[in-house]
Amino acid sequence: MERIHTSDIAGSSGSVKVQGWLREKRDLGSIMFLILADRYGEVQITVKEDEVDGNLLELAEELTRESVISVVGAVKENEQAPGGNEIHPESLELLSEAKKPLPMDPRGKQDANLATRLDNRFMDLRKVDRRAIFEVRDLACRGARKCLEENGFMEVHTPKITVSGTEGGAEVFPIIYYEREAFLVQSAQLYKQLMQASGAERVYEITPQWRAEKSRTPRHLTESWSVDMEMSFIEDQEDVMEVQEMVVRDMVNMIKEKGRKQLEELDVGLEIPELPLKRLTYDEALEIAEEEGEDIQWGEDINIKAMRKIGDRLKEEGHDFYFIKRWPADERAFYYRPDPEDTKYSQTFDLNYRSWELSSGGQRIHNLELLKKRIEEQGMDPSDMRFYLDAFRYGMPPHGGFGMGLDRFIASVLGIENIKEAVLFPRTPDRLEP
Ligand code: ATP
Ligand code: MG
């Protein structure tokens, strides 16, 4: 007999076969209620002493919670049962026994702390609203892919092991590569730029990236995922921002369209952002911060405390998503193009959701001499980056792009406070298992 899901029980008649986890069990003597859970929901299995044979009854009595079972039985309407139907079993099979005690309660009735939940993530994810986060994440990726495909982007896969750091700084993970040292990439940056010298023009990648972040914050992971794109023949960073805002709108759109059930389970109301998104300059952002009592030195990054106040102000004005553009050139990575009109500034932007930075992007330098100069100015050695610089020697079009943190996107739009909840198996300075 073919297995059906619990979601297909309403509307079926006669005998059906369901398989899943024994989420709950209530034994009232002459009658026993088993709640079977599968991917899409739950159904009640009603075992009546006078309806079943002795073997089935004995097995039902011995079943431990969270064991995997297979049940064949007749569907009967019962208003009191969850979903309005119950199954009266004709046969019951134990497919995999769960040991006692359970490491945590997958119903979430007894609250486990985040560390315990992450230690037992496979079981944590049996809870519907936990799994919903990852169903939303799946939809977000589909929305991003759809948008980028429609705008002529090709999905590529660039190397994740490399010879040098990408973003500068010390936050790289060295690995042993046979007899030499190599590194995990900090982003797809250098390779997606190399692709601009290949004639592909528009490329994107949804990719992991690694940063040996020393800070332990609710927004940082050592292994994070990025929606990364790069495009050629742009006029300036505004061309990139236009794609960036379409991508987030379409991600939200896909979530709203196909994830209604998940949003309900998570109790999240999502608004599709109206385009164009609000654009602030870095200088304007500093002014808001100052009005709110947070002094940021011109040239510094905007700290999280100030960002919260800026985010609150923008929220009051009706904006969840907003850009901050024209960052000081020396605050940004070497590959960003200084504004030719005023080289103190760069042709850069961040996309924020309230206080969370989601994305950084802008126009890149495509002139070899200027690029070498910027690498040196930031204390790096151009001769370490030969493989990258070679691509600027033989015809590199003007180009730009962005890298958007997928984990941060999910956490922020779902109102999740700790980014770890938005990743299946998070990697942090303190966590390498499971
Ligand atoms: P932050 O200042 O918040 O540490 P960043 O400016 O160093 O981030 P970028 O180099 O701009 O990060 O990377 C692009 C995007 O990738 C970020 O906006 C963020 O969404 C995501 N990202 C970068 N580093 C991390 C990390 N350690 N954990 C999670 N997401 C990250
Ligand atoms: Mg950034």
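# A guided tour of the predicted model

Begin by selecting Q110, which is located in the loop that runs between β5 (85-96) and α2 (114-119). The model on display is predicted. Is Q110 buried or exposed? Its relative accessibility is 58%, and Q110 therefore counts as exposed, the cut-off being over 50%. Keep Q110 selected and add M123: the two residues are 13 apart in sequence, and their C-alpha atoms are 14 Å apart in space.

**The whole chain**

Next, zoom out to the full protein chain. Its secondary structure consists of twelve helices and 18 strands. The C-alpha trace spans about 85 × 55 × 40 Å along its principal axes. Colouring by accessibility is useful at this stage, as 51% of the 434 residues count as buried.

**Strand β10**

Select R202, which belongs to strand β10 (residues 202-210). R202 counts as partly exposed because its relative accessibility is 27%, a value that falls between the limits of 20% and 50%. A distance monitor may then be placed from R202 to T116. How far apart are the C-alpha atoms of R202 and T116? They are separated by 43 Å, with these positions 86 residues apart along the chain.

**Ligand 1 and its surroundings**

Now centre the view on ligand 1. The space that ligand 1 takes up is the largest pocket. Display the 15 residues around the ligand; those that come nearest are R211, H220, L221, E357 and L358. By class, the shell around ligand 1 comprises three nonpolar, seven polar and five charged residues.

Which strands each supply at least two residues of this shell? They are β17 (356-363) and β18 (399-405). Of the contributors, β17 gives the most, with four residues.

Turn next to individual atom pairs at ligand 1, in each of which the ligand partner is an oxygen atom:

- L358: a backbone N or O atom lies 2.8 Å from an oxygen atom of ligand 1.
- G405: a backbone N or O atom is found 3.2 Å from an oxygen atom of ligand 1.
- R408: here a polar side-chain atom is involved, 2.9 Å from an oxygen atom of ligand 1.

Taken on its own, ligand 1 has 580 Å² of accessible area, of which the protein covers 83%.

**Helix α12**

R408 leads to the next selection, helix α12 (residues 406-413). This helix is mostly covered, with eight of its eight residues buried. In addition to R408, the buried residues of α12 include L406, D407, F409 and I410; A411, S412 and V413 are also among them. Continue past the end of the helix to G415, which follows α12 and has a positive phi, near 65 degrees.

**Strand β16**

Finish at D350, a residue of strand β16 (residues 348-353). Why does D350 count as buried? Its relative accessible area is 0%, and D350 is therefore classed as buried, for which the limit is under 20%. Show the side chain of S360 as well: the side chains of D350 and S360 make a polar contact at 2.6 Å.

Note on methods. Residues are numbered from 1 along each chain as its sequence is written. Chains are lettered from A and ligands numbered from 1 in the order in which they are written. This is a predicted model: local features need pLDDT of at least 70, side-chain atom pairs count only at pLDDT 80 or more; totals for chains, interfaces and linings use all residues. Side-chain values use heavy atoms; hydrogens and water are left out. A residue is near a molecule or strand if one of its heavy atoms lies within 4 Å of it. A polar contact is a pair of N or O atoms within 3.5 Å; within protein, one must be able to donate a hydrogen and the other to accept it, and residues adjacent in sequence count only if both atoms are side-chain atoms. Accessible areas come from the Shrake-Rupley method with a 1.4 Å probe; for residues, only the protein chains shown count as cover. On a 1 Å grid over the protein atoms alone, a cavity is a set of points where a 1.4 Å probe fits but cannot get out, and a pocket is an open set with protein on both sides within 12 Å along at least five of seven lines; lining residues have an atom within 4 Å of a point. A molecule sits in a cavity or pocket if more than half of its atoms lie within 2 Å of its grid points. Ala, Val, Leu, Ile, Met, Phe, Trp, Tyr, Cys and Pro count as nonpolar, Asp, Glu, Lys and Arg as charged, and the others, Gly among them, as polar. Buried means under 20% relative accessible area, exposed over 50%, partly exposed in between (1.4 Å probe, protein chains only).
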